[in-house]
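Open the model in a viewer and keep the sequence beside it. The stops below are given in the order in which to select them.

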Amino acid sequence: MEPACGLLARYREWMDLPPHTRDQLTLCEGNTPLIPVPRLAERLGGGFDLYVKYEGLNPTGSFKDRGLVAAVAEAWGRGAQAVICASTGNTAASAAAYAARAGLKAVVVVPQGKVALGKLAGALAYHARVVQVQGSFDHALDLVRQAVERHPIALVNSINPYRLEGQQTAAFEIVDALGRAPDWLAIPVGNAGNITAYWMGFTRYHRAKNTGLPRLLGVQAQGAAPLVLGHPVEKPETVATAIRIGNPARGQEALQAARESGGRIIAVPDAAILEAQSWLAEEGIWVEPASAAGLAGLAAEIRQGRLDPQGKTIVVVCTGHGLKDPDIVLQHADALPTIEPKLAHLEPYLTADR
Ligand code: AN7
């Protein structure tokens, strides 16, 4: 018996996928929690409802599973033997897992030295062929585009339309949970597929069910903010390696989505991203740095009086789990006390403030 879990079981009728798509592909992805965070709302001034859509709880630890289940199910049904993607890490791990599940090979091309540990290890654990490029994500994507022109291998980056068909399901889940669309959705932006997919999902649901539309606040890292600057960034740099992207493939669509929604795309400094990561951890929600960019952007907009949250319902999308990038926390932590196994040595730490 097929398990009735996962996105293709739950939302297939809302996804525009070809009939050959293998709907049985699933790791029971999606159905992630929408966590109320009232204390965090107070920290930002209060007077509104704030939720975290915690996408780190997908099977491989990021929202990418929504898109990859759809893209790999389609490639599998089409008879592909292998899939390929460029990635800052999460797409790589997710593509590797779903390819493994479908019995396909996965080749993932990543920027050398700029992929967080949990992502690289994940891709390897799921038996992908991992190739490092001496360059950025943008170089890797360029290479992958060339590869699929010459070789019979299915591209599963978000240029692949089925990726967006899968990723829009997060918008469906939010509307299904709240009963209508939120007033604002704050979301990190890298290659810009996800914000594009959310807008697609919200508009598709709204047309069918009149569930309303949110304003979109897309957030890039200041050192990798081509959509804010209006031109590609040659050497993107940010602590949020997931969104260290200088020339987003879905950039124009993302800008259009933000504009249509009455929202915008902004940039925040790395320090603000790490601060937002820390705030979330104080709520018991550990996310990787890129995933905190949405909250960092929301906080900046509220603080600077450009976004009035009063009486609103706001959802912050946290795209990936903190376990993806443990290094970043260890790097910023104080040296850990090490003691002899004696109570007297432990006692100073029992009451001292951290
Ligand atoms: C945690 O894995 O681009 O704007 O290759 O991993 O849709 O690109 C990851 C992107 C946000 C940005 N948060 O989403 C990849 C990759 C996390 C991410 C983004 C990514 P897009």
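The tour goes from a sheet to a pair of strands and then to a single residue.

This is a predicted model, in which local features need pLDDT of at least 70 and side-chain atom pairs count only at pLDDT 80 or more, while totals for chains, interfaces and linings use all residues. Residues are numbered from 1 along each chain as its sequence is written, and side-chain values use heavy atoms, without hydrogens and water.

Start with the open sheet, whose six strands follow the order β1-β2-β10-β7-β8-β9 with mixed pairing. Strands here are DSSP runs of E with at least two residues, and helices are runs of H or I with at least four; two strands pair if DSSP finds at least two bridges between them. At the edges are β1 (34–36) and β9 (264–268), each paired on one side only.

Inside this order, select β2 (residues 49–54) and β10 (residues 313–318), which run parallel and are joined by six bridges. Val-52 has Val-316 in β10 as its bridge partner.

Next, select β4 (residues 105–111) and β5 (residues 129–133), a parallel pair with five bridges. Val-109 stands opposite Val-131 in β5.

Finally, select Asn-194 in helix α9 (residues 193–209). Is Asn-194 buried or exposed? Its relative accessible area is 8%, so Asn-194 is buried (under 20%; exposed is over 50%, partly exposed in between, with a 1.4 Å probe and protein chains only). Leaving out residues up to four places away in sequence, Asn-194 touches Phe-63, Gln-167, Ile-187 and Thr-319, where contact means heavy atoms within 4.5 Å.
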